[in-house]
Amino acid sequence: MAVATQGASSGINGQNTRTLLRVSILFLIAAAAVASRLFSVIRFESIIHEFDPWFNFRATKYLVANGFYKFWDWFDDRTWHPLGRVTGGTLYPGLMVTSGVIYHALRALTVPVDIRNICVLLAPAFSGLTAYAAYLLTNEMTTSSSAGLLAAAFMGITPGYISRSVAGSYDNEAIAIFLLVFTFYLWIKALKLGSMLWGALCALFYGYMVASWGGYAFITCILPLHAFVLIGMGRFSNRLYVSYTTWYALGTLASMQIPFVGFLPVKTSEHMPALGIFGFVQLVGFLQYVRSSMSAKQFKTFVITVIVGAVGIGLAGLVGLTSLGYIAPWSGRFYSLWDTGYAKIHIPIIASVSEHQPTAWPAFFFDLNMLIWLFPAGVYLCFQDLRDEHVFVVVYALFGSYFAGVMVRLMLTLTPIVCVAAAMAASQILDTYLSAKKPNVEEVADAGSTDAKPVKTSGLRVASKPAVGIFTFVSKALVVGGMAVYLLLFVSHCTWVTSNAYSSPSVVLASRMPDGSQHIIDDYREAYQWLRQNTKEDAKIMSWWDYGYQIGGMADRPTLVDNNTWNNTHIATVGKAMSSSEEVSYPIMRQHEVDYVLVVFGGLLGYSGDDINKFLWMVRIAEGIWPEEVKERNFFTSRGEYRVDAEATDTMKNSLMYKMSYYNYHSLFPAGQTVDRVRGSRLPDQGPVLNTIEEAYTTENWIIRIYKVKDLDNVGRDLFSAASFDRGQKKKSSKKKGPRVLRVD
Amino acid sequence: MRSFLGVVTFLFAAVASAVSTKGNRLLVLLDDVAEKDGYAKFLGDLTARGYQIVYDTPRSEQLSLFELGERQYDHLLFLPTKVKGLGPKLTPNILIDFVNAEGNILVAQSSTHSASTSIGNFLAELDITLPAGRTGLVVDHFNYDTISASEKHDVLVLDAPEPVRDSVKSFFSPSADAVLALPNTVGHTLGAGHLLTPILRAPSTAYSYNPKEQFDAVDADDLFAAGKQLSLVSVFQARNSARVTVLGSAEMIQDSWIEAKVSRPQGSKVTVANREFAKALTGWTFQELGVLRVNEVEHHLTGNNETNPGIYRVKTDVTYGISISEYAWDSWKPYNLPENDAIQLEFSMLSPFHRLDLSPVSVTRDATVFGTSFTLPDQHGIFNFRVNYKRPFLSVVDEKHTVSVRHIAHDEWPRSFVISGAWPWISGIGATVTGFLAFCAVWVYSKPTPKAGKAKKTQ
């Protein structure tokens, strides 16, 4: 933008040059945004990351193979066995449809491209668009030409956004953030112009957003809030009325076309603010009309009556309908936004997800770096010139900050406004100190004496002070140089964070060999490939829900539970099977027709994300449904410790999860030296004994262990005596004390 | 050599009058191969039915039930042996493996020989208990043969067995008034498992004692079993339909007894039906009798020709049919249900949503088709059509066919104009559209009245 500002003084060609420069800068920013997200592809391979993306990938493949209508009515019989999942009606189809459209468009252009590569590269591609949307949004906020470009650059590389949009991170957020920012841009545009067209466009993109991500509720709440604040500030206008009603009416209709959303916009509390403000806007509009044809005194009483009446009826209706069950009360996930401890007590399944935890403060600096301190400055600048769109920034900033504070994943929704506000602040500094022009002394004196337009020239009061000293080359070079250093540091920080924290596929683990070379730990794919090649096509795999999507995507086998945690009871059933003894687990597994059980065990390698560390969540979730049969307390020693070694409680040692994790583990070590490297504890030499399941496969580093569930004994014994018979132990002589057991035929 | 043997086997099988469904390789184990002459009639009957009999002793070097993991024989017949253990080739584990590999075993016992430990432990795994010390003798002071055992009362004379319930098929009764003679019988007791079925239970007056230790009196606490609890002939059928039969009296199939004449106290002299009983017993054990075969399972939407689709929709009508044949001695015949019995179909997900009796729909030359029609439940999920038909003396039928039941697709609901409740809303839409169009028309075609003052200004 240094070039861009210089361009201002270069004659007739200035306009064209500036446009050309701007376009090329935006292209470079988009290129940088894409390039910085390719670390994982270069370092590993073109692979889908983590957990949820595997489901999205699988759904996309289904869409591409079967067409849109089949996808819309998709009943997935390979997940949630034996319940199945009405997948077509319980997902946000935006992401898959976008990929499908791109795929078919490229096919139509005779570009032979693999659907996997589209999925892998979709998020980086959309990050380029997000940068552009941030540019547009910022341009609506300020007249400074450089602010938009800075915002685009920030948006392109800030880690807070990169965290969910690296190549391979094929998740809803990949396109949703672009839609979020673009919808906000269209809203501001519609509000500024009072245009029905822009309002309709805003509704259109809002509909796309609803189709893409559950986070659309953020827009649904922020826009009405903005409108409400504006009305509260006495800024009701026909522009607001037109844009809001257009957006609400069309947007709500659009959102109701998504089967997963359906009638939620009129039935749940999350959507009530939008509906309420819609009514409120009508009311205010009506009052405005009435005021023009009434005397002031009459009007006052009229207003009071109408407002009190309307608010009273509205509230009473809301409360009444909620208590009657027509309007669903806030969902649990929503409560946990207000009380961070709520989920841990009431809905362990939500609390068990790490990205639902409250944010640690260093995370803000980690994800946003210098933007986090430029951000308040930007918001302050908005107060300087408080137009309607600036109110939006203020409202968004407040709520975004709060939500980002209570839930890690909502850092994502805060990032765009941070980029916008920080860009405004940064451009303010640069614009002030970079201008080559030196004011002559009289002008300065004039400006100083009349104080005519301090706000117009610059927002910061410091900059508006007509001290001549500030125009010296030294002070300019100092400030600009400092700013440049910060920007460079920001770029290097972003690159470092992206490279080190956000570019691991988590399906493939990387470690360093002693000589510094990279060593790939590929146990996950090894196990999934084994399942794919060695088990029947309809062999049901039981595992903790974290791995459900991956098993479905990579091993192509039916699973009992997966990351779409729609059925808490079913998950609790799996939790109970894992945390109970074999006698209890076996009937559960038989009933659910489980063929194989998969556990993740990090003890050998020191991989801490394993199932024993997640085990307490399984216990808690199972306890939520069967408090009599599964008790968390029994997994702790009398001194309240969670142990896996010789002093572990009997409940712990008899649980299926413990047995499966440590089965045969002692055989790897010399006697007395069996050690679990994650928990750092020494294990007993006598390993657990399995009766109802048998080991089927263990990967190279023992990260994944697969067990086969035995069939019922052929000659009718229970599996415990059958197993002990196989081990060569004779049946105990049936000489029993007490009365004879007679057979009745 | 192999192929030659194969041809011979084939020719032999062709001339034989009957053959088992599980093959005809029969291994007979006895103390001394020469002892087989005592069972000439019995073994001759088996040979005549097409069995290839190999005789061996438990201690034999080349004896092996498995070769490279494959079963070497289809059937095993244990005749009483004097050896205490049967050696490393016939451990209980190997015998269990043999049963798991669908091999059939007939164990004949005699009170003159203690059963070997291997047999005892093997039977114990099946929940069949032999008397203490694996030695016992059943006596009955009311049903004995007055000709041969007027003093010792150790030759039981019993009526041919009747099925325990009338819903159980009767395989083992040669004729209504047939009589069996069981000399030197070892009794056993059965556990409560449903895989076990007694064929011949001792009369209520019989009891078992150990002739070596309890020769003068039996203490009530030491009594092994008495009356109906004491089984003389029992069968066990594993989940894979492999069959194990315990015959308490090996003497009853010896030549000397197989067609002997016996007489009960105050009874007349009759010829025993041991030979017919032995035929039925070996026929059943070696799977010539009571073998059910599922030929095919067919399910389809009622009125639709596509068979066995993988996915249905909720609340549709489905027809299910299962074709079952029964093997009797030499041929497959249509299976006829006994009185008071029914084949049931479960349509289940976690638990049955339907449990329906199947009725015979059609009978072909060798099969009966049982079928029914029903409406699928209003619940989507992964369901099983399951026929789980397990009856005494009949091989296991457990057919599970998995289908998905999907929800109603978006275009399968009735259209809004079909639903009368929707008519007010549809007419509302119509009214709004008409009103809007009418308003537009009026708006477009009505010329605004020029306001005097304003019109001048614009000009």
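I looked first for the largest nonpolar core of this predicted model, taking a core as a set of buried Ala, Val, Leu, Ile, Met, Phe, Trp, Tyr and Cys residues joined through C-beta atoms within 7 Å, and a residue as buried if 20 or more other C-beta atoms, placed from the backbone, lie within 10 Å of its own. I found 188 residues in that core, and among those with the most contacts inside it are A:Met209, A:Val420 and A:Ala421. Helix H10 (residues 173-193) of chain A gives the core its largest share, 16 residues, helices being DSSP runs of H or I of at least four residues, numbered from the N terminus. I noted a second, separate core of 83 residues, which includes B:Leu27 and B:Ala280.

I then followed A:Ala421, which touches A:Phe375, A:Gly378, A:Val379, A:Val393 and A:Ala397 when residues up to four places away in sequence are not counted, a contact being two C-beta atoms, placed from the backbone, within 7 Å.

Next I looked up helix H22 (residues 388-406) and helix H23 (residues 411-434), both of chain A, whose axes come within 8 Å and cross at roughly 140 degrees, with axes fitted to C-alpha atoms over the stretch in contact and angles running from 0 to 180 degrees between N-to-C directions. The contact includes A:Val393 and A:Ala397 of H22(A), and A:Val420 and A:Ala421 of H23(A).

Last, I recorded that 43% of the 745 residues in chain A are buried.

I number residues from 1 along each chain as its sequence is written, and letter chains from A in the order in which they are written. Local features need pLDDT of at least 70 and side-chain atom pairs count only at pLDDT 80 or more, whereas totals for chains, interfaces and linings use all residues.

Methods:
Helices (H or I, at least four residues) and strands (E, at least two) are DSSP runs, numbered from the N terminus. A residue is buried if 20 or more other C-beta atoms lie within 10 Å of its own, exposed if 12 or fewer, and partly exposed in between; C-beta atoms are placed from the backbone.
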